[in-house]
Amino acid sequence: MERVVAAAWDAINGKLMKPSISPLHRQYQDSSNFRKRAALVGRFSTNRYSWYRWVYDQFYPLPDDAAVLELGCGPGSLWKRNLDRIPVNWKIVLSDFSAGMLRDCQQNLGSAVSRFLSCQLDASRLPFRAARFDAVIANMMFYHVEDRAAALRDIRRVLRADGHFYATTTGTEYMRELNAVATRILQVPRYAPSAQRFGLENGIEQLRAEFANVELRRYENELRVNEVQPLIDYFASMEPLIAPRAERWDELRDYFQRQIDERGEIVIPIEVGMLIAHL
Ligand SMILES: C[S@@+](CC[C@H](N)C(=O)[O-])C[C@H]1O[C@@H](n2cnc3c(N)ncnc32)[C@H](O)[C@@H]1O
């Protein structure tokens, strides 16, 4: 009874709030932030072979009726960019923890959407029976998963014995200098770089906890950027993971402009690749 009364008072005093949503969930409420970052890479990459085509190229041959699970599918670009070559009988489950992302994904796939199943889930708890999938894909998302050990146990559980787990990620050189400069000028402690959590270097060891075999394949790329605004948009799209004071943006803009005036362009290393794990 006392608890009920206390709760009633808290409600009246405005203390009972909706469960707070984490910065990561806010960042990925829909695909708008992710699309801004993808736009920078899409426009200024020196490697003109599409990243998403390359990711698909790496898959080992799969049965005609393969079952495939993508974790953290975002706007579904991997499938959108490969629609012309996905076998008609594949059963593909596109999953993400963000309902907004899944909505954008459905929209992005347009009339092809009926070829895919969609599922809202957290990658560390997979609601599927054991040995259900021939392939599980985590494209630029596994570094976001807090409990990667639990996720890997579950990924192994849902994979068939001859299945593969495909995880793309960044290396330690990925945008290193650019991130360091932005962190200094924006005066924000940067969200730990993805490669520090699960990268091309330390990811191999993490995967070996569950999978006997892990191979690394690299996608060579760098950006040559000669405009300031796309760089500003890139960092602005990371809010609320970073939250600088307003005037700091002007300083960052001036810095990029000076660099471009002096050198004509800013060269940014894009160290990325794929780790392929199997039993
Ligand atoms: C950088 S985006 C990559 C999107 C897509 N895979 C691509 O490469 O185009 C990361 C995605 O992972 C999702 N995500 C992050 N953590 C997740 C988790 N623990 N479980 C499921 N999805 C997650 C985000 O909502 C977002 O859509």
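**Exercise 1. A residue of helix 12**

Is L252 buried or exposed? Determine its burial and describe its surroundings in this predicted model.

*Solution.*
Step 1. Locate the residue: L252 belongs to helix 12.
Step 2. Apply the cut-off, by which a residue counts as buried under 20% relative accessible area. L252 has a relative accessible area of 0% and is therefore buried.
Step 3. List the contacts, leaving out residues up to four places away in sequence: L252 touches A182, I185, L186, I232 and F235.
Step 4. Consider separation. L252 and R218 lie 34 residues apart in sequence, and their C-alpha atoms are 31 Å apart in space.

**Exercise 2. The nonpolar cores**

State how many residues the largest nonpolar core has, and examine the contacts of W79.

*Solution.*
Step 1. The largest nonpolar core has 55 residues.
Step 2. The residues with the most contacts inside this core are V68, W79, W90, M175, F235, L252 and F256.
Step 3. Take W79 from that list. When neighbours within four places in sequence are set aside, W79 is in contact with Y56, V68, E70, I86, W90, I92, L94, L109, F116 and I137.
Step 4. A second core, separate from the one above, has 29 residues, including F133, Y143, L159 and V214.

**Exercise 3. The order of the sheet**

Describe the open sheet of 7 strands and identify the strands at its edges.

*Solution.*
Step 1. Write down the order of the strands, which is 3-2-1-4-5-9-6, with mixed pairing.
Step 2. Inspect the two ends of this order. Strand 3 (116–120) and strand 6 (213–219) each have a single partner strand, so one side of each has no neighbour in the sheet.
Step 3. Add the twist, which averages 20° from one strand to the next.
Step 4. Place a helix on the sheet. Helix 7 (residues 148–158) packs against it and touches strand 1, strand 4 (133–139) and strand 5 (159–170). The direction of helix 7 makes about 140° with that of strand 5.

**Exercise 4. The partners of strand 2**

With which sense does strand 2 pair with strand 1 and with strand 3, and which residues stand opposite one another?

*Solution.*
Step 1. Strand 1 (residues 67–71) and strand 2 (residues 91–96) pair in the parallel sense over 4 bridges.
Step 2. Find partners across this pair: V68 stands opposite I92, and E70 has L94 as its bridge partner.
Step 3. Turn to the other partner. Strand 2 and strand 3 pair in the parallel sense over 5 bridges, with S95 opposite C119.
Step 4. Follow the chain between them. From strand 2 it passes through helix 6 (residues 99–109) to strand 3, in a β-α-β crossover that is right-handed.
Step 5. Assess the enclosure of strand 2. Because 5 of its 6 residues are buried, strand 2 is largely enclosed by the rest of the structure.

**Exercise 5. The cysteines**

How many disulfides does the structure hold? Examine C105 and C119 in turn.

*Solution.*
Step 1. The structure holds 0 disulfides.
Step 2. For C105, the nearest cysteine sulfur is that of C73, 4.1 Å away. A disulfide requires sulfur atoms within 2.5 Å, so this distance does not qualify.
Step 3. For C119, the closest cysteine sulfur also belongs to C73, at 9.9 Å, which is too far for a bond.
Step 4. Check the burial of each. C105 is buried, with a relative accessible area of 3%, and C119 is buried as well, at 18%.

**Exercise 6. The backbone in the loops**

Which peptide bond is cis, and what is the sign of phi at M140 and at M175?

*Solution.*
Step 1. The cis peptide bond joins E239 and P240, with omega about 5°. P240 lies in the loop between helix 11 (229–236) and helix 12 (246–263).
Step 2. M140 has a positive phi of about 50°, although it is not a glycine. M140 is located in the loop between strand 4 and helix 7.
Step 3. M175 likewise has a positive phi, near 50°, and is a residue other than glycine. M175 sits in the loop between strand 5 and helix 8 (176–186).
Step 4. Compare with the cut-off for burial: M175 has a relative accessible area of 0% and is buried.
Step 5. Return to the loop between strand 4 and helix 7, where H144 is also found. H144 is buried, with a relative accessible area of 16%.

Note on methods:
Residues are numbered from 1 along each chain as its sequence is written. This is a predicted model: local features need pLDDT of at least 70, side-chain atom pairs count only at pLDDT 80 or more; totals for chains, interfaces and linings use all residues. Side-chain values use heavy atoms; hydrogens and water are left out. A nonpolar core is a set of buried Ala, Val, Leu, Ile, Met, Phe, Trp, Tyr and Cys residues joined through side-chain atoms within 4.5 Å. Buried means under 20% relative accessible area, exposed over 50%, partly exposed in between (1.4 Å probe, protein chains only). Contact means heavy atoms within 4.5 Å. Two strands pair if DSSP finds at least two bridges between them. Helices (H or I, at least four residues) and strands (E, at least two) are DSSP runs, numbered from the N terminus. Axes are lines fitted to C-alpha atoms, for helices over the stretch in contact, and angles run from 0 to 180 degrees between N-to-C directions. A crossover is right-handed if, with the strands pointing away from the viewer, the path from the first strand over the helix to the second runs clockwise.
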